[in-house]
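Trainee: I'm new to this one and would like a close look at a single part. Could you pick out a sheet and walk me through it, with a little of the surroundings too?

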Amino acid sequence: MIIFTIGLWLAATPEAFTQTVRPVLEQNCGACHSAKSRVNFLKAATAADIQAQRGLWRNVATQIRNRTMPPAPAKITEAERLDVAHWIDDRLRETACDAGSFAGPALVKRLNRREYRNTIRDLLGLDLAVNEVFPADGTGGEGFDTNGETLYMPPLLMERYLEAAQQILDRVIITPPLNRTISANAMRPDYTGTGPRRPVLPGDIISVPLTVYADGDYEVRVLQERSDQHPLTYTVLLDGKEAGTGTIPRYESKGPNGATRVVRVSKGSHTFGVRANEYPLEIYSLTLTQRVGEVSSEKRAAHYRLFQMESGETPLNPRVAARRLIARFLRQAFRRPVTDAEVDRLVALYDRAAVRDDPYEERVKLALKAVLVSPSFLLRAEQPSAKPGIQPLTDHELANRLSYFLWSTMPDAELASLADQGKLQDAKVLAAQVERLLDDPRSRVFANSFIGQWLGTKDVGGRVAPTINDVADFYTPEVAADLREEPVMLLQHIIGENRSLLDLLNANYTYLTERLVRFYQLDLPLKGNVFQRVQWPDDRRAGVLGMGAVLALTSSFKQTSPVLRGAWVLDTLFGTPVPPPPPDIPPLDATGARKQKITLRQKLLQHRENQTCATCHNLMDPIGFGLENFDWMGRWRTQDNGQPIDSAGALPGGDRFNGPVELRAVLLKRQDEFLRHLTAKVMGYALGRALQDADHCTVQQLVDTVVKDGYRARTLIREIALSVPFRHSQADARLAEPPAAPPKRQKLPEK
Amino acid sequence: MHKPISRRTLLRGTGVALTLPWLEVMAADKLAEPPLRAAFMFMPNGVNPLHWTPPGDGDDYEMTPHLQPLAGLKNDFILLENLWNKNAVGRNGHWPKDPIWLSGGYVQRTTGSDLDVGAISLDQKIAQHRGTETPLPTFELGIDSPRSGIDTAGGGFARIYGSFISWRDPHTPVPKEIVPQLAFDRLFRNPSISSATAGLDPSSPAVMASLQRDDTSVLDLVLEDAKRLRRQGSTADRNKLDEYFESVRSVEQRMEAAMRPQKRWINQGKLPMERPAPGIPATHAEHVKLMLDILLLSFWTDTTRVATFMFGDAQTQQDYGFLPGVKGGFHSLSHHLNEEAKLAQYEKVVTWHSAQMAYFLNRMKSIDEGGRNMLDSSMVLYGSTLKDGNRHDPENLPLLLAGRGKGTLRPGRRLRAPVLTPLCNLHLALLQRMGIKEDRFGDSTGVLAGLA
């Protein structure tokens, strides 16, 4: 197997272990971590011995990189720290497949906000703005909001789910408006007189209990024998409290006279009453009518889709129809076959509402409400196999994984049907489905949420660039939105046209709007603010490194940061982060540079005279220097602080470059390392978990396949869908590797 | 589409006054005196130590620039000195510090697959014991939406660490409400009670039962589902099904608690407050003021007795350009390198926070609750997890404790604890005052002496 390294540090050869890595560790760690100690990684005398202690060695690399080890005062140099950490990482990656295949555990994770919203949309045809009511999702694992472990389910969210379920169902189900007339006879069964009227003496109350099914305004109409002497006044009582008075004028007409009063009532059981005021009343009846506006055609359509009947129509055998409806809805909402017992439990809720004579629609609503807050709807809960080892997922679990990976929503009818037929584990069928899902416009959601989170560009305009007066003429919230969109459009195009993933680094085209043309100060005859593909006249802005969103994201306020840009390239594009700065070193400030009339570059160079800082800054800063022609917003510039821009740089490996075009060429020498990191990221997004040591075997296999196939985007996505960890789970695998032993605490100063 | 009238519509315009009959009915058993409340007000990004800590070592002190806005309240708070969280020592500037402000735990470095802050936070600890006494066990408020991603440059911490000071357990943060309208509605909504509408008489058992029974039957059913799923699957990892199960149970418990008459404190009169507009307010200042008002209202209505508020998340880059002479984000300004021009801006931002605290404390003080003011019956902790925002140093944290704690605190002075006293010693003291009999909390070595 060929291993690609960024070439800046120690090659991952076995000899380097015995010659360099082990001696450094022996010298710095040997005093405590002797072969006899509990944490005895030095037991490994040769590189081959590492295989028996892989978890421990991953930990060694992490702790060394993170500076949690060795404890102060450490003699290890920065160069050694970097070399050792990278050597171990490379070695572990190189030998990952020696330990055999790995699948990861069955996953149990909640739908995130995007997935919930899309699923409700596909299930019920309703778009609910859940981002405004559900708390933001946490991200983690490989850095995405699909990461199961950080998708928490706090009680607050449970409350919101209950409310949302009610709101959703109220918005798609049309319950016929309440219109009930209760005769005075029924209200006063104790009255023995004859005739339809019942007398109510001043101060007396006649009342009736009624259940209303929706919050809203209700008309209370009192029908009263005509009065030929004086107007009659009465008070409407709601649950014993005054809710308004009505007057019946005298001689209104012959026969019974009515008067109407509107009261606002909440959902629930209430007592409606009428009290006679100064004169006795002779009441015929009381009518309660719900006031409703016009029902929209969308709502009628959504209602029909669910009930397969017009609103207001009642099936001949309501219970049978309800059971059928519930069973059908349950299958879709749970995204898997359901058992009769599961349906029966929900029909029991229907029955509960039927007992108290709720309208048909309300009975169904109660049952569906339970569906929308049930764990099988809110969570994607895969069942671990009872057998040990790597076992295939069920077809429905696989359909869910695929659909949420590429569409962030539930499987559609075709996927569901293939799963029902048990065909999805067939590699050819699965591969064809990947193509179909990618061809569908819904796959845009993947491009959008993946690249925005991977590059961090989704924060641009929100957290990253505050609105400020001096840029207001070219930078507006609309421009920020376009900047966020630019990388999305690029990835969408790459996937849509099945182009090389290396286009992400060096595409000589991009998508722009008229606003962006102005922002980038380009001379392009592009009109309108619909994105259009344009060819770059030269390569200075090729790929994501030329995009305003990335360049702004990696800048400080009103000044570029070669350090941040370099660190971003190493970490985000290549997955080779440099260690964090030693604690409590404040970031470099440019105001000093301004005072000394030197450029930021010159100030950074001064700073690198310190050997401790230099080890890492020699890696980061030159990359950032190559991008210095882009100002802090990502616009092209030729001067900084009155001095011409010097965008030359050299990497410790010897590569030299001047400006973004040459920098990009140097970075492209490491294209397979870029691909490996991108592969790990897409896999992390797809699986919704942090990748583990054992996953790197799959990553490397994927990389090999994609390289052979010309770096094509769809090959990567298809191969991930076909990979062992995507199609299988492993009952004995854990979600996370055992946590690192807590580092030794620093000794506290004496009090 | 016809817009159904939601509960929220019903609430709109009615303000708070209309909910009072409901409150009175619910509190069939009224408290004879106001309850003791605790609020924890977190400020990110530290202070300028020279502008916070007064010189000298006596009980009395001169107001420093950062404290100046609180000068009128000098007799209402204790200035706390020499407290710290030793588990924050020598680690990244923000991520391992903020989540342990109220717990003293040790934050594991992780990218998010095994979040662990080592301990439960003080507010949640109190809620474990006393949470069922009020409609909301605790109330978490804030300003920033949780941050996403991993801070690789900062040592590989998941950024969501910096977004929470309330932790239900070491692995589970409690989300904070940042939208004023949602926070406001939460005070007047109970899972079991649709809405407090004109005329509704929730004391009628028929009404209560009707309103409640549907949601509980729904929850009973889904709990059964969760149990069944749990039985089928079992993994060694913490299971999301358990989390689901506990959440449903907790919502049910709230319903049950609401069914029992809770002993509540009923304030006389009104505390006028309009229902806030939807969304995030246009300006930061307005946002903060609204959230503080809502927090106040939650105490006034006795909807909760424990609350947390985050003026901002760790490393917040909130734009303070609305303050004269200030340009740029808070976190950038905190790294001022002691350069005069930047330092001056940073100080303005920090001092602005003190002014907001002064507003909040003055409002508490102005509320009469049957002979004593609300601040008298409260304990309000305000401060940060760093001393010097530029250097991230964790020693001698900037903290003040306002209120009289119903006579258990003696404000109007400064309390100089021995150098490097665990902050958890203070937490333990507050925990005990909230009526919880524990003799340890976090890494406490004892109860902080000298508060009374």
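Mentor: Let's start wide and then zoom in. The C-alpha centres of domain 1 and domain 3 of chain A lie 42 Å apart. Keep in mind that this is a predicted model. Chain A is split into domain 1 (14-94), domain 2 (179-290), domain 3 (451-553) and domain 4 (555-669).

Now for the sheet, which is also in chain A. It's an open one with 4 strands, and reading across you get β4-β9-β6-β7, paired antiparallel. At the edges sit β4 (205-212) and β7 (241-248) of chain A, each with pairing on one side only. Going from one strand to the next, the twist averages 25 degrees.

Take the edge strand β4(A) and look at what it pairs with. Its antiparallel partner is β9 of chain A, residues 268-276, and 8 bridges join the two. For one spot to find on screen, go to Ile205(A): opposite it, in β9(A), stands Arg275(A).

Before you leave, hop over to chain B for a contrast in scenery. Asn396(B) sits in a loop there, between β11 (378-383) and β12 (399-402) of chain B. Asn396(B) counts as buried because 21 other C-beta atoms lie within 10 Å, and the cut-off is 20 or more. Leaving aside residues up to four places away in sequence, Asn396(B) touches Glu81(B), Asn82(B), Trp84(B) and Lys387(B). Try Val89(B) as well: Asn396(B) and Val89(B) are 307 residues apart in sequence, yet 12 Å apart in space, C-alpha to C-alpha.

Methods. Residues are numbered from 1 along each chain as its sequence is written. Chains are lettered from A and ligands numbered from 1 in the order in which they are written. This is a predicted model: local features need pLDDT of at least 70, side-chain atom pairs count only at pLDDT 80 or more; totals for chains, interfaces and linings use all residues. Two strands pair if DSSP finds at least two bridges between them. Axes are lines fitted to C-alpha atoms, for helices over the stretch in contact, and angles run from 0 to 180 degrees between N-to-C directions. A residue is buried if 20 or more other C-beta atoms lie within 10 Å of its own, exposed if 12 or fewer, and partly exposed in between; C-beta atoms are placed from the backbone. Two residues are in contact if their C-beta atoms, placed from the backbone, lie within 7 Å. Domain bounds come from an automatic or database domain assignment.
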